[in-house]
Amino acid sequence: MRMYDLIEKKKEGGVLSTEEIQWMIKGYTADQIPDYQMSAMLMAICFQGMNEQETLDLTLAMRDSGEVLDLSAIHGVKVDKHSTGGVGDKTSLVLGPVIAALGVPVVKMSGRGLGHTGGTIDKLECFRGFQTGLSDQKFFENVNRIRLAIAGQTAELAPADKKLYALRDVTATVAQRSLIASSIMSKKLASGSDAIVLDVKTGNGAFMKNEEDAIALARTMVRIGNMAGKKTAAIVTDMSQPLGDMVGNSLEVIEAIQALNGNGPEDLMDDVYALGSYMLLFAGAAADRNQAVRKMKDVIASKQALHKMAEFVEAQGGDPAQVYDPSLLPQAAHKIPVYAAGDGYICGMETEQIGVACMLLGGGRRIKDDVIDPAVGIELVHKKGAYVKKGDILSYIYANDLEKAGEAKALLQKSYTFSDTEYTAPETIHEVITE
Ligand code: URA
């Protein structure tokens, strides 16, 4: 086979065979196919697309480019949850302990934040001593004992995706549905869980700005998961404003702990219950979604989920005292109010820019090797639909550096749009896709 011929075929709108896709991914992972040829192929895919079979073949070839975890040493139906990424998304920090408290094993590989979006690993590292690089043995031991482990993704998992993603990032070929779906699902399938629940974000803080694109991506991923023999559901959720009221690592951990104490903001809890109900259904731990939601509410009300969080933090080397007293988590030196410049209903928020403001404070990474400040971030006092008067506090900035705070403040102030007429905030859950 020659890569030249495959590029030509795709350029002309042809369909790549299973063997051709496998050969291409194997060759690229082994550095036998150069970046310039793969770049041309990616661009051809962007213009011509891939059909369902090609997308599945690509996903499976990427999954098989590295280690595929065997989780059979963990008892029970293992469920994984994945978000396509957004601002203020601390759902995993609440869901993990809630689902584990109900006896269902949660096995999760998470990433770090990059650009305007946050990452679960950075948030968990707010706990003193918390380890995310667990050995396989420790990982299995923890899940069998406490039903929850969250680890950083290893380099051995879907290495083809690692190379391809870096190439897509610099060749303007990220935003193609088959490429995104295969990238996400190859890693999920390699992680070895039995069921997958996807949170596909849509809106101006998400990867998929447009709802139709988000729904189409969700359908593609669900089909791939089901065809690969995993129970899969996708919930398309709102990211036209940050999720919850806190943006920033330590602040989001504090908000997640509040949620586990029964005081979570409504949009965050809607997200938790929608995703969690499918996790419980797939695991056979609830008869229907209503019962699943009731069970989740019960383990929050009884504090079992909060205790599970403390147990989980301790099992991964962190300090459980910080779960019971969040004031022990990293705290910023300055809390600076941002005031409304006029009267009106908040009808728009530049979600991505709010994520960028957090990054400017030091809470996120511009480049992969940036060191983050866990304490900084933003508290949103008002969100979409609220009526504010000139001089009301819109949000607070938590900063350690006053110069950076000034930059973030200017950006935040521009991030709100106001209207004279009443405005209703969008629902958190837009669509549920199971087949
Ligand atoms: N997240 C991924 O892992 N891959 C993509 O292509 C997009 C988002």
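## Exercises on a helix, two sheets and two cavities

In α16, Gln-353, Ile-354, Val-356, Ala-357, Leu-360 and Leu-361 meet Lys-404, Ala-405, Glu-407, Ala-408, Leu-411 and Leu-412 in α17; contact means heavy atoms within 4.5 Å. The model is predicted, so local features need pLDDT of at least 70 and side-chain atom pairs pLDDT 80 or more, while totals for chains, interfaces and linings use all residues. Residues are numbered from 1 along each chain as its sequence is written, and side-chain values use heavy atoms, with hydrogens and water left out.

**Exercise 1. Find how helices α16 and α17 are oriented to each other.**

Step 1. Locate α16 at residues 351-363 and α17 at residues 402-413. Helices (H or I, at least four residues) and strands (E, at least two) are DSSP runs, numbered from the N terminus.

Step 2. The two axes come within 8 Å and cross at roughly 175 degrees. Axes are lines fitted to C-alpha atoms, for helices over the stretch in contact, and angles run from 0 to 180 degrees between N-to-C directions.

Step 3. This crossing makes α16 roughly antiparallel to α17, a label for angles over 145 degrees.

Step 4. Sort the contact residues of α16 with α17: nine are nonpolar, one is polar and two are charged. Here Ala, Val, Leu, Ile, Met, Phe, Trp, Tyr, Cys and Pro count as nonpolar, Asp, Glu, Lys and Arg as charged, and the others, Gly among them, as polar.

**Exercise 2. Work out the strand order of the open four-stranded sheet and see where α16 packs on it.**

Step 1. The order is β6-β9-β11-β7, with antiparallel pairing; two strands pair if DSSP finds at least two bridges between them.

Step 2. β6 (246-247) and β7 (334-339) each have a single partner strand, so one side of each is left without a neighbour in the sheet.

Step 3. β6 pairs with β9 (residues 377-380) over two bridges, and Val-247 stands opposite Ile-378 in β9.

Step 4. Now add α16, which packs on this sheet by touching β6, β9 and β11 (393-399). Its direction makes about 140 degrees with that of β9.

**Exercise 3. Trace the open sheet of three strands.**

Step 1. Read the order as β10-β8-β12, with antiparallel pairing.

Step 2. The edge strands, each pairing on one side only, are β10 (387-388) and β12 (416-419).

Step 3. Strand β8 (residues 344-349) pairs with β12 over four bridges. Ile-346 has Phe-418 in β12 as its bridge partner.

**Exercise 4. Describe the linings of the largest and second largest cavities.**

Step 1. Count three cavities of 30 Å³ or more. On a 1 Å grid over the protein atoms alone, a cavity is a set of points where a 1.4 Å probe fits but cannot get out, and lining residues have an atom within 4 Å of a point. Grid points are joined across faces, edges and corners, and a volume is the space filled by probe spheres set on the points.

Step 2. The largest cavity has a volume of about 140 Å³. Of its 21 lining residues, His-116, Thr-117, Gly-118, Cys-358 and Gly-363 lie nearest its centre. The largest share of this lining, four residues, comes from α16. By class, the lining has four nonpolar, 13 polar and four charged residues.

Step 3. The second largest cavity holds about 70 Å³ of space. Leu-42, Leu-58, Met-62, Leu-164 and Leu-179 lie nearest its centre among 14 lining residues. That lining divides into 10 nonpolar, two polar and two charged residues.

Methods:
Angles under 35 degrees count as roughly parallel, over 145 as roughly antiparallel, 65 to 115 as roughly perpendicular and the rest as oblique. On a 1 Å grid over the protein atoms alone, a cavity is a set of points where a 1.4 Å probe fits but cannot get out, and a pocket is an open set with protein on both sides within 12 Å along at least five of seven lines; lining residues have an atom within 4 Å of a point.
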